[in-house]
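Me: Please take one part of this model and look at it closely, starting from a single residue and working outwards. I would like a connected account that explains each term as it comes up.

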Amino acid sequence: MIIVLKNNIRENEITAFREYLEKKYNIGVHVSTGHDSVVLGLIGDTSAVDEDSVKAQEIVQEVKRVQEPYKKSNRKFHPDNTVITLENGLKIGDGDLTLVAGPCSVENEEQVTEVAQAVKTSGAVILRGGAFKPRTSPYAFQGMGVDGLALLKKAREKTGLPIISEVMSVSQLRLFDDVDIIQVGARNMQNFELLKELGRQRRPIMLKRGLSSTIEELLMSAEYIMSSGNEQVILCERGIRTFETKTRNTLDISAVPILKRLSHLPVFVDPSHASGIPWLVEPLSMAAVAAGADGLIIEVHNNPAKALCDGAQSLTPAMFESTVKSIRKIADAVGKRI
Ligand code: PEP
Ligand code: MN
């Protein structure tokens, strides 16, 4: 971080400010005195330095960050890819492509097991299914709750597929003890109390990008989880809100290589929520794999027309099967196994 001071600041004020910064943030400060301005260069880990509080100082003219404010998720401090190993031995982020698929929400036993079996046959290795659903309307189906989690676990027993499901609040967390991956939805990406609590868990977390969040904000949210003690975080690009109305969201494909460059964490793409349109899931999945995604999370329903949530964007098991065939071609081309 570089701090430019205002003109004509007295020597003793500069010294006092330098000593204050060094002590408060446990860093070094290099003072360079130019012709008509003084510049302070902060040396060391500046992630805890509060830019706004520095800016608010009477003697400060300008503050510039030269290092990212996230540390634990930063590839600079952890050059190797993070590989997450699930209880069944499945590795995420090890260079292969991880396919996650399943219904938006768990609706009944037959639905979830039927979909689980079908997606497994096509190549999925993790089953998704929401039990607590964040819906725009309070009158819409809110998910089966704890019964939904029980059905998801039943489907895991039958298929052997690990499960992922979304938690919406700290109070729900105790119900997720036996869930292989805990999902944080887009709407909760900045629920900082939830993120801190997830940092105290010993389970992998999939963190979805907020509807209008920047890449840096996503990484700062990952930082919340990691700095609280849980380094098993998967980042997920799921489309962001733009002026475009042809799709439900706009898939920010460049987020994939950018996140891979900035961070060592596995990066997934959710083409279902990014597009909202079943036929777009295939080309967006292919693009995501070409761009370097470590995994995909795709919504599949055995009867989309009757789905209680997100039926309009869900693939049928047959569509999923043919989508995976196309994904395989790209995976082959970029040297990833499914
Ligand atoms: C979901 O996965 O069903 C979901 C609600 O996703 P998002 O939080 O990305 O909207
Ligand atoms: Mn959904």
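Reply: D310 is found in the loop between β14 (295-299) and α10, where helices (H or I, at least four residues) and strands (E, at least two) are DSSP runs numbered from the N terminus. This is a predicted model, in which local features need pLDDT of at least 70, side-chain atom pairs count only at pLDDT 80 or more, and totals for chains, interfaces and linings use all residues, while side-chain values use heavy atoms, without hydrogens or water. Residues are numbered from 1 along each chain as its sequence is written, and chains are lettered from A and ligands numbered from 1 in the order in which they are written.

With a relative accessibility of 18%, D310 counts as buried (under 20% relative accessible area is buried, over 50% exposed and in between partly exposed, with a 1.4 Å probe and protein chains only). The backbone of D310 also deserves attention, because most residues other than glycine have a negative phi. In D310 the phi angle is near 55°, a positive value in a residue that is not glycine. N26 has a positive phi near 55° as well, and its place is in the loop between α1 (11-25) and β2 (28-33). At 69% relative accessibility, however, N26 counts as exposed.

D310 leads to the metal site, where its OD atom is one of the protein donors of the manganese ion (ligand 2). The other donors are C104 through SG, H273 through NE2 and E299 through OE, and the four lie 2.1 to 2.4 Å from the ion (donors are N, O and S atoms within 2.8 Å of the metal, or 3.2 Å for Na, K and Ca, and since water is not among the atoms, sites may look incomplete). Read along the sequence, the donor residues of this manganese ion follow the spacing C-x168-H-x25-E-x10-D. The pair C104 and H273 links distant parts of the chain, with C104 in the loop between β7 (98-102) and α3 (109-122), H273 in helix α8 (residues 271-275), and their positions 169 residues apart. Both C104 and H273 are buried.

The next residue to consider is A274, which lies in helix α8 and counts as buried at 1% relative accessibility. If neighbours within four places in sequence are set aside, A274 is in contact with R238, G239, T247, R248, N249, T250, L251 and L284 (contact means heavy atoms within 4.5 Å). A274 and K71, by comparison, are 203 residues apart in sequence and 28 Å apart in space, C-alpha to C-alpha.

Two elements already named, α3 and α10, take us further out. Helix α10 (residues 317-333) packs with α3 at an angle of about 25°, their axes being 9 Å apart (axes are lines fitted to C-alpha atoms, for helices over the stretch in contact, and angles run from 0 to 180 degrees between N-to-C directions). The two helices α3 and α10 are therefore roughly parallel to each other (under 35 degrees is roughly parallel, over 145 roughly antiparallel, 65 to 115 roughly perpendicular and the rest oblique). On the α3 side the contact is made by A118, V119 and S122, and on the α10 side by P317, F320, E321, V324 and R328. Sorted by class, this contact of α3 with α10 has five nonpolar, one polar and two charged residues (Ala, Val, Leu, Ile, Met, Phe, Trp, Tyr, Cys and Pro count as nonpolar, Asp, Glu, Lys and Arg as charged, and the others, Gly among them, as polar).

α3 also packs with helix α4 (residues 146-159), here at an angle of about 40° and with the axes 9 Å apart, and these two helices are therefore oblique to each other. E109, V112, T113, A116, Q117 and K120 of α3 make this contact with L151, L152, K154, A155, K158 and T159 of α4. The residues of the contact of α3 with α4 divide into five nonpolar, three polar and four charged.

Finally, the whole chain gives the setting for this part. The chain has ten helices and 14 strands, and 51% of its 338 residues count as buried. Its C-alpha atoms fill a box of roughly 75 × 45 × 40 Å along the principal axes. Among contacts in the chain with a separation of 6 or more, 67% come from residues 24 or more positions apart.
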